Each structure stands twice: as structure tokens, then as C-alpha cells.
Amino acid sequence: QDGQSDILYKFWTAVTQTLSSHFQSATESSMFLKQAFEGEYPKLLRLYNDLWKRLQQYSQNIQRNFNTSGTTDLFAELQQMEEDIQDIFMQKPQDYDPEKALKDSLQQYEAAYLSKSLSRLFDPINLVFPPGGRNPPSSDELDSIIKTIASELNVAAVDPDLSLAVAKNVAKTIQLFGVKSEQLLSTQGDASQVIGPLTEGQRRNVAVVNSLYKLHQSVLKVITNQSSFPAAAEQTVTTALKAVHDLMGSAVQPLLNSVGDSVEAIIITMHQEDFSGSLSSSGKPDVPCSLYMKELQGFIARVMSDYFRHFECFDFVFDNTEAMAQRAIELFIRNASLIRPLGEGGKMRLAADFAQMELAVAPLCRRVSDLGKSYRQLRSFRPLLFQTSEHIASSPALGEVIPFSVILQFLFTRAPPELKSPFQRAEWSIARYSQWLDDHPSEKDRLALIRGAVEAYVQSVRTREGKEFAPVYPIMVQLLQKAMATLQ
């Protein structure tokens with residue numbers, strides 16, 4: 001009536017300030033109360049939340065009573081207020097939050113509680129990673145870390161803001177575990193050796209990855225079991241877990257690189273074998289597969305049983321080794337398409353190698369058919385070995401499954417020596433050419449190099465005043481044009 005429309009705001013400010021000062025003086029004079037309020041802060045917060053809920057219900061009841069008691073001037077005035085400020089409870093400054101004002105009277109206990117919560121989370125980790133320690137935590141030690149995380153999150157579940165604050169502490173805890181684990185990793189040469197049995201460093205790396213994996217899976221389970229866990233809190237913890245996953249990746253990377261290099265080195269030895277022979281009288285290859293293929297199969301099988309089977313995170317391992325299998329197939333097809341000269345007997349043996357390649361990469365993946373495009377390329381390329389150049393040029397797999405550059409590379413093997421392969425024209429070794437292809441993944445660059453080799457051949461024929469081109473030449477030109485057109 002007297003224009004004091006902020007009366008409730010003034011009253012509420014007085015109430016919250018009174019609460020703050022009473023809490024302050026009570027805890028200053030009693031150590032017992034201080035410890036109780038700090039240690040049992042979530043219970044105190046729950047009482048506050050209940051109080052706020054009851055006040056909200058009360059305010060709604062007042063509204064309802066006004067609504068039902070007919071039209072009164074006061075009701076009209078209140079409704080006007082509600083439209084202006086969206087809150088019948090009080091007229092207040094724009095950024096004033098009455099619930100926050102209430103909870104702010106507990107601010108000091110929240111800070112103390114969160115600080116104690118963080119040390120409760122850090123303690124078991126500092127305990128299981130003593131200074132100078134060499135081993136990751138045991139299964140039981142890990143369980144105690146997970147239990148602590150679950151317990152802190154459960155207790156904080158009384159309030160979304162507290163849940164978020166504790167989730168940030170949990171994220172720091174996960175980061176600490178990651179940092180301590182990373183310090184245990186062996187990065188010396190013996191971590192990536194693939195010649196002998198597991199070294200001490202490799203054993204430790206496997207144990208570290210296994211413990212990171214267990215932490216990752218267990219914390220994921222804890223947060224999925226949290227009912228009404230705020231989205232922001234979940235996001236905070238999952239971001240920290242992603243860093244753990246990345247650390248697992250960088251821990252196995254040296255070993256993966258080493259295996260990948262060895263696979264490449266074995267595949268490239270196919271050029272030391274002779275594929276120029278004609279068909280034997282039986283029409284079958286003399287051996288089920290070439291020497292390099294036997295070596296490749298033996299190596300991959302040994303690597304999987306000696307090194308990778310010790311990891312408990314099978315999905316994680318397969319995600320990494322499947323990429324290796326795809327790369328092995330790509331290198332195999334690349335090198336197979338470069339073999340010159342290739343006789344009829346050589347084609348038969350190479351076709352057998354294509355079939356054996358599926359067996360070679362099988363240990364690296366869940367199922368070979370999961371390898372997608374690489375697998376389809378392996379399957380589609382094999383029949384091309386025996387087709388005429390015209391047939392190859394019209395194959396539906398062209399461009400769709402097998403890149404044009406790979407097929408063009410293969411057609412060089414059907415040309416006279418004068419039509420030099422791109423690497424021969426550049427006077428590179430096959431290893432150097434393979435490196436160049438890795439550095440130039442775009443079809444455009446690869447086709448430009450091939451076109452250069454074809455144009456150099458045309459020049460050489462003209463120079464010696466030759467009367468005709470090799471039969472495969474027009475087919476290659478036509479394919480080059482088709483390939484360039486698809487790039488437009």
C-alpha cells in the first residue's frame with residue numbers, strides 16, 4: 001500500500017544475513033560445530049533445499065488462495081507484479097536470486113567440504129603411486145579408488161550444484177591418475193621392439209594400459225549409475241575420461257608403429273621374388289603362397305600372441321590393430337600392382353597370395369570383412385590379374401572400390417619396358433615411391449605423376465620415330481581422362 005513493493009526482498013536479505021552471522025559466530029565459538037557443518041555439509045544443504053521447497057509451495061498456496069477468493073485489488077496488483085517480474089514471491093533487483101542468497105550463508109562450509117573431498121579423492125591415488133614406484137596399482141587398490149569416487153558422487157547427489165563441484169574434483173582425480181600412470185610408462189627402445197619376447201618395459205606398459213582401461217570402464221559405470229546426474233557434471237567427468245583413453249593410445253603407439261614398420265618391410269620384399277615365370281605344366285602354382293607371405297603370416301600371428309594378447313581391453317586393441325590391417329592391405333595391393341615383369345605363372349602365385357593375405361591379417365581384426373573398403377579392394381583386385389586390359393578398364397570396381405591410380409599403376413606391368421612405371425621414370429626405388437604415395441594421398445597428385453610417365457613414353461616413341469604405340473597405351477590414356485573427369 002505504501003509503495004514498499006520490495007518489502008519481501010528486504011526481509012529475505014535480513015533473514016539470510018542473520019543466518020550467515022549466526023552460523024559464523026556459532027562455528028567460531030565451537031570447534032565441534034565447525035567440524036560438523038564442514039564434514040556433514042551435504043546433510044546441511046539437504047535441509048536447506050527442503051526449506052526452500054516448502055517456501056516455494058507456501059508461495060504457490062498464497063497465489064492459489066488469491067485466485068480462488070474472487071477479484072480483489074491486491075490480487076490484481078500481485079498479478080501485475082507477476083507479469084513484470086515473473087515471481088510473485090518478491091520484487092527484487094534483476095540479478096538477485098533468493099535461493100542462491102539462502103545457500104550463500106553456507107558458502108564457507110561448502111569450500112571446506114570440497115577441499116576435504118578433493119583430498120579424500122587424492123589420498124588413495126598418492127598412496128598407490130609412491131615416489132620412485134615402478135608398478136601401476138593392483139586390482140584391489142584400483143577398486144578402492146573407484147569406491148572413493150562413487151562414494152563422493154553419491155553423497156553430493158543431494159544438490160545439482162554440489163554434484164557439479166564434486167564432478168570437477170573427480171575430473172582432477174582422473175587427471176592425477178593419468179599423470180602418475182604416464183610417469184610409469186617406458187619410452188625407451190625396448191618399449192617398441194618386436195623381435196624377442198616382452199621386455200620389462202613392455203610388460204610395465206601393458207600393466208599401465210590395463211589399469212587405465214579398468215579405471216576408464218569403472219568410472220563410466222559409476223556415472224551411468226548416478227540417477228539424476230546433471231548433464232554438465234557428466235560432461236566434466238567424460239572429458240577427463242577421454243584424456244585417459246588418449247593416454248592409452250599414446251602408450252601403445254610406439255609398439256604399433258614398430259609392428260607397422262615391420263609389416264611394411266616384409267611386404268616390400270615381394271619385389272625380391274621372381275613373378276616373371278610362365279605357367280607350370282599342371283597349371284597350378286608350385287607353392288601355396290610366396291615366401292614373403294609366409295613370413296608376414298608368421299610375424300602377425302607372433303606379434304598378436306606375444307604382445308597384444310596381454311592387453312585386457314580387447315576392443316581398444318582391435319580398434320588400433322584393425323587400422324594396421326587396413327594399412328597392410330593397402331600396402332600389399334600397392335606393391336602387387338607394381339610387380340614387373342609379371343608372367344602367367346607369377347599371376348597364379350600372386351592370386352594365391354591375395355587369398356593368403358586375408359588369413360595373414362585375420363589375427364589383427366574381429367572379422368576380416370569388418371575392414372570395409374580395404375577388404376573390398378582386396379577382393380575386387382584379385383580377379384583383375386587375369387582379365388584383359390580392355391576388361392579392366394570397364395570394371396565397375398574402378399574408381400568406386402579401387403582408385404584409378406592403382407589400376408593405372410598395374411597396367412604399366414602390361415606395357416613394354418619402354419613405357420616406364422612412374423618410379424622407374426623418376427629413378428626411385430620402390431620404397432621411395434611408396435613413401436611418395438604416402439606423402440601424396442590425393443588422387444590428383446598421383447594421377448599427375450602417372451600422366452607424366454605416359455607423356456614421357458609418347459615423347460620417346462616420337463624421338464625414335466616409332467610407327468605405333470603399345471596396345472595398352474590408348475587404354476591408359478582413356479582411363480587417365482576418365483579419372484581426371486571424376487575429379488572435376
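This report describes the fold, the nonpolar cores and a few individual residues of one predicted protein chain.

The model is predicted, so local features need pLDDT of at least 70 and side-chain atom pairs count only at pLDDT 80 or more, while totals for chains, interfaces and linings use all residues. Residues are numbered from 1 along each chain as its sequence is written, and side-chain values use heavy atoms, with hydrogens and water left out.

## Overall form

The chain holds 20 helices and 0 strands; helices (H or I, at least four residues) and strands (E, at least two) are DSSP runs numbered from the N terminus. Its radius of gyration is 36 Å, where a compact globule of 488 residues would have a value near 23 Å. That radius is taken over C-alpha atoms, and the globule rule is 2.2 Å times the number of residues to the power 0.38. The C-alpha trace spans about 110 × 60 × 35 Å along its principal axes.

Of the 488 residues, 46% are buried. Buried means under 20% relative accessible area, exposed means over 50%, and partly exposed lies in between (1.4 Å probe, protein chains only). The exposed area of the chain is about 25700 Å², with 53% of it supplied by carbon and sulfur atoms; accessible areas come from the Shrake-Rupley method with a 1.4 Å probe, and for residues only the protein chains shown count as cover.

Among contacts with a separation of 6 or more, 77% are between residues 24 or more positions apart. Contact means heavy atoms within 4.5 Å. The chain carries 48 positive and 56 negative charges, whose mean positions are 8 Å apart. Lys and Arg count as positive and Asp and Glu as negative, without His and the chain ends; each charge is placed at NZ of Lys, CZ of Arg, CG of Asp or CD of Glu.

## Nonpolar cores

A nonpolar core is a set of buried Ala, Val, Leu, Ile, Met, Phe, Trp, Tyr and Cys residues joined through side-chain atoms within 4.5 Å. The largest one has 135 residues, and Phe-308, Phe-332, Met-357 and Phe-381 have the most contacts inside it. Helix α10 (residues 231–268) gives the most to this core, with 15 residues. Another core, of 8 residues, lies apart from it and includes Leu-338, Phe-423, Tyr-433 and Trp-436.

Beyond its neighbours within four places in sequence, Phe-332 is in contact with Ile-267, Met-270, Tyr-292, Met-293, Asp-353, Phe-354, Met-357 and Leu-378. Leu-378 belongs to helix α14 (residues 373–384). With the same neighbours left aside, the contacts of Leu-378 are Ile-329, Phe-332, Ile-333, Phe-354, Met-357 and Glu-358.

In the 8-residue core, Tyr-433 sits in helix α18. Not counting residues up to four places away in sequence, Tyr-433 touches Leu-338, Gln-409, Pro-422, Phe-423, Trp-428 and Leu-449.

## Residue pairs

The table sets sequence separation beside C-alpha to C-alpha distance.

| Pair | Separation in sequence | Distance in space |
|---|---|---|
| Ser-280 and Ser-105 | 175 residues | 94 Å |
| Asn-61 and Ser-228 | 167 residues | 28 Å |
| Leu-378 and Ile-329 | 49 residues | 7.0 Å |
| Tyr-433 and Phe-423 | 10 residues | 5.8 Å |

Leu-378 counts as buried because its relative accessible area is 2%, and Tyr-433 counts as buried because its value is 1%. Ser-280 is found in the loop between α10 and α11 (291–306) and is partly exposed at 24% relative accessible area. Asn-61, in helix α3 (residues 41–68), is also partly exposed, with 35%.

## Backbone details

The peptide bond from Arg-340 to Pro-341 is cis, and its omega is near -10°. Pro-341 is in the loop between α12 (314–336) and α13 (344–361).

Two residues other than glycine are listed here for a positive phi. For Ser-228, phi is near 45°; this residue lies in the loop between α9 (200–224) and α10 and counts as exposed at 70% relative accessibility. For Glu-427, phi is near 55°. Glu-427 lies in the loop between α17 (422–425) and α18 (430–439), and its relative accessibility of 73% makes it exposed.
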